[in-house]
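Let's take a walk through this protein, starting from one small piece and working outwards. Keep the viewer open as you read.

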Amino acid sequence: MRWNGALIAGTLLLVVTGVVVTIASLTMLESAEGLSPDVAQPASAAHWLGTDDFGRDLLARALVGAQASLLMALAATAISMTAGVLIGTAIWTAPRRIREFALRIVEITVSYPELLVAVVLAAILGAGRWQLVLAVALANIPATARLAANLSGAIHQRDFVTTARLTGVPRRALIGRHLLPNMAEPLLIQLAASFSTGLVAMSALSFVGLGVQTPDYDLGRLLADALPAIYSRPLEVVGPTLLILLLSIGAMLVGDGLAAAADPRVTRRAPSTPRPPVTTRPAREQDSSASPATVEVRDLVVRRADGTPLVHGVSFDIGRGEILGVVGESGSGKSLTALSLSRLLPEGLTAEASRLRIAGTDLLGRPTRRELADAVAMIYQDPGTTFNPALRMGSQLTEVLRVHRGKSPREAREIITGLLEDVHIVDPPRLLRSHPYELSGGMRQRAMIAAALAARPSLLIADEPTTALDVTVAAGILRELARIRDETDTATLFISHDLGVVEELCDRVLVMKDGVIVEELSREQLRSGEVTEPYTRMLLESVPRLSATPGVGA
Ligand SMILES: Nc1ncnc2c1ncn2[C@@H]1O[C@H](COP(=O)(O)OP(=O)(O)OP(=O)(O)O)[C@@H](O)[C@H]1O
C-alpha cells in the first residue's frame with residue numbers, strides 16, 4: 001500500500017485524537033466527573049476551557065466524552081458494515097426471485113434519510129448508549145447493503161467470476177477471493193463515511209435527548225449541556241464541537257487516502273511487452289485413434305424467459321484438434337451458442353437441444369463442475385477483465401489445478417510455468433508474481449490461454465480473443481491457437497467478426513444470421529469465395545481491404 005497526503009493527514013488526525021482522548025479518559029476522569037468548588041470558572045492555565053456549574057473541567061469532559069463517542073461510532077460502523085456487506089453479497093448468490101425481492105426492499109429502505117430512520121429507531125429502542133449504537137447501525141445498513149449489492153452485481157458479470165464459476169470455485173471462496181477484494185475500495189470509502197455520519201448522527205441524537213442520558217455523556221450530550229450557558233460560557237461548546245470535527249474529518253481523509261492507495265490503476269504502470277522467442281516446443285503426444293467428433297450439437301435452441309427464441313435449432317460438430325470458426329454480425333447468436341456449451345448462459349435464458357455433448361460429457365444431463373471444467377475452457381475478448389485485479393497472477397492461474405486436480409500449490413506452479421513457456425511467456429516466475437495490471441494485454445491473453453489449457457479441456461472456446469488487442473499482438477495470439485490445434489487434440493470454437501482472421505485460422509466456418517446457421521464453409525471455400533449465401537457474400541465484401549480503396553489517404 002502506498003501512502004498519500006490524505007491518508008497520512010487522516011491517520012495522523014485520528015491516531016493523535018484517539019491517543020489523546022484515551023489517555024485523557026485514563027488520567028483526567030476525576031477532573032471530568034468529580035465535583036469541586038471551582039464552579040463556572042472562565043478559561044485559565046488550570047482549566048483551559050474553564051469549568052461548569054459543578055466545578056468539572058470542561059476540557060477533561062470533552063476529551064472523556066469524545067472517547068465514548070469514538071467507541072460508540074466504531075461499534076455502530078462495525079455492525080452496519082458487517083451486516084450490510086453480508087446482505088449485499090448474499091443477495092447475489094440468492095435465486096433470482098429472492099434477489100429481485102431483496103433488491104427492491106433495499107431500494108425502498110435506502111430512500112428514507114438515515115438520520116430520520118435513526119431518530120425513529122432511537123425513539124422506539126429508548127434512550128441509552130447501546131440503544132443509540134443499535135439505532136445508528138441499523139439506519140446505516142441499507143446504504144451499505146445497496147452499495148455491496150451493486151458492486152457484487154457488477155463483479156458477477158466479470159469474466160474472472162464467470163471463469164471461477166465455470167471451474168467450480170466454491171461459493172464461499174467466490175465471495176472471499178473474488179467479490180470482496182474487488183469491492184475493497186468503495187467499501188473503504190463507505191466505512192469511513194459510515195463512521196463519520198454515525199458519529200455526527202449519534203451526537204445529534206444525544207443532543208436532542210434521544211441518545212446518551214445524564215450522568216453518562218458523549219459529545220452530543222455535552223453540547224446539549226452547554227446550550228443553556230452558550231452566551232455566558234461560549235467556550236463550553238468549543239471542546240465537543242472541535243472533537244466532532246476532528247474525528248469526522250480524520251475518518252473521511254483516511255477513507256479517501258485508502259481508496260486512492262488501493263486503486264492499482266492510479267499507482268502502477270504496465271511494463272512493456274517482452275518479445276516472444278521464435279523457438280517452438282516439441283509437440284505433445286497425440287492420440288491418433290479414430291474417434292467421433294469432440295463436440296456434438298444438435299437442434300440447439302436458446303430462448304428468453306418469455307419463450308422468444310434467440311438461437312433457432314443449430315446443429316454442428318467439432319472434430320478433435322479442429323478449429324471451427326463462427327462468424328456473423330452482432331446479435332446473430334454466436335456468443336449464446338458458445339455459452340450454451342459452457343452452461344454459462346445469462347440468467348433468464350434457457351437452452352434445449354436433442355444432443356449436446358463434449359467428449360463424452362452429456363451437457364443435457366447434470367455434469368458436475370469438475371466434468372464441466374474438464375470439458376470446456378473459455379478465452380474471453382477483453383484481457384483487461386479476465387483476471388481478478390486484486391490477486392497475483394500465480395494464485396489465479398493455479399486455481400483450476402488446485403481446485404480440480406488437487407495439486408499442491410508447488411506442483412500447480414510447476415505445471416503452469418510449463419504452460420506459460422508453451423505460450424511464449426519469457427519469464428513465467430515474474431509473471432506469476434505480478435498483478436494483472438502490471439502486464440500488457442497480450443501477456444494477459446497468453447496467460448489466459450495457459451490457464452485455459454491447464455484444465456486440459458476437450459473444447460476451448462475463444463470468443464473474439466483478439467478484438468481488444470493491437471494487430472501484431474493479436475497475430476501472436478492467433479499463432480498460439482494454431483499451435484494448440486497442431487500440437488494437441490483440443491477442439492476450438494473460435495468466434496469472430498473478422499472473416500480475414502477466420503480464413504487464416506479456422507478449418508471450417510459456420511456463418512450465423514439471426515440465430516440460424518445459414519452456411520457452412522471449408523477454409524478453402526472461404527478463401528476462394530465459393531459461397532452460396534448472399535449474406536456470407538455481404539460479410540466477405542464488408543472485410544476492409546486496402547486494395548479495394550484506391551486513392552483513399554491513410
Ligand atoms: N441476456 C440476454 N437476454 C435477452 N436477450 C439476449 C441476452 N443476451 C443476448 N441476447 C440477444 O440474443 C441475440 C444473440 O446474442 P449473442 O450475444 O449471441 O450475439 P453475438 O452474435 O454473439 O453478438 P456479438 O458479436 O455482438 O457478441 C441478440 O439479439 C441479443 O440481443
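**Starting at a covered helix**

Pick out helix α7, residues 159–166: this helix is mostly covered, with six of its eight residues buried. The buried ones are D159, F160, V161, T163, A164 and L166. Keep going just past the end of α7 and you reach G168, where the backbone takes a positive phi of about 75°. Bear in mind as you look around that this is a predicted model.

Now zoom out. The protein has 554 residues, and 45% of them count as buried. Its secondary structure adds up to 22 helices and 11 strands. How much of the contact map comes from residues 24 or more positions apart? Among contacts with a separation of 6 or more, such pairs make up 71%.

So what sits in the middle of the largest nonpolar core? This core has 151 residues, and the members touching the most others are V136, A447, A450 and L459. Helix α3, which runs over residues 58–93, is the top contributor, giving 16 residues. Domain 1 (5–29 + 54–266) and domain 2 (295–516) both supply residues to the core, so the core lies between them. For a close-up, try A447: setting aside neighbours within four places in sequence, A447 is in contact with M393, L397, L420, I425 and L431.

Next, the annotated stretches. An unreviewed UniProt entry puts the feature "transmembrane region" at residues 7–29, 70–94, 101–124, 130–149, 187–212 and 242–262. Two of these are worth tracing in the model. Residues 70–94 are 96% helix and 0% strand, and the C-alpha atoms at the two ends are 36 Å apart. For residues 187–212, the span is 81% helix, again with 0% strand, and the end C-alpha atoms lie 29 Å apart.

Last stop, the ligand. Which residues come closest to it? They are S330, K334, S335, L336 and P346, out of 13 residues that surround the ligand. Helix α11, residues 334–341, gives the most to this shell, with three residues. By type, the shell is made up of seven polar, four nonpolar and two charged residues.

Technical notes:
Residues numbered from 1 in each chain as written. Predicted model: local features only at pLDDT ≥ 70, side-chain atom pairs only at ≥ 80, totals over all residues. Buried ≥ 20, exposed ≤ 12 C-beta atoms within 10 Å, placed from the backbone. Helix = DSSP H or I, 4+ residues; strand = E, 2+ residues; numbered from the N terminus. Contact = placed C-beta atoms within 7 Å. Near = placed C-beta within 6 Å. Nonpolar A, V, L, I, M, F, W, Y, C, P; charged D, E, K, R; others polar. UniProt positions renumbered as here; feature names shortened; annotations may be inferred. Core = buried A, V, L, I, M, F, W, Y, C linked by C-beta atoms within 7 Å. Domains from an automatic or database assignment.
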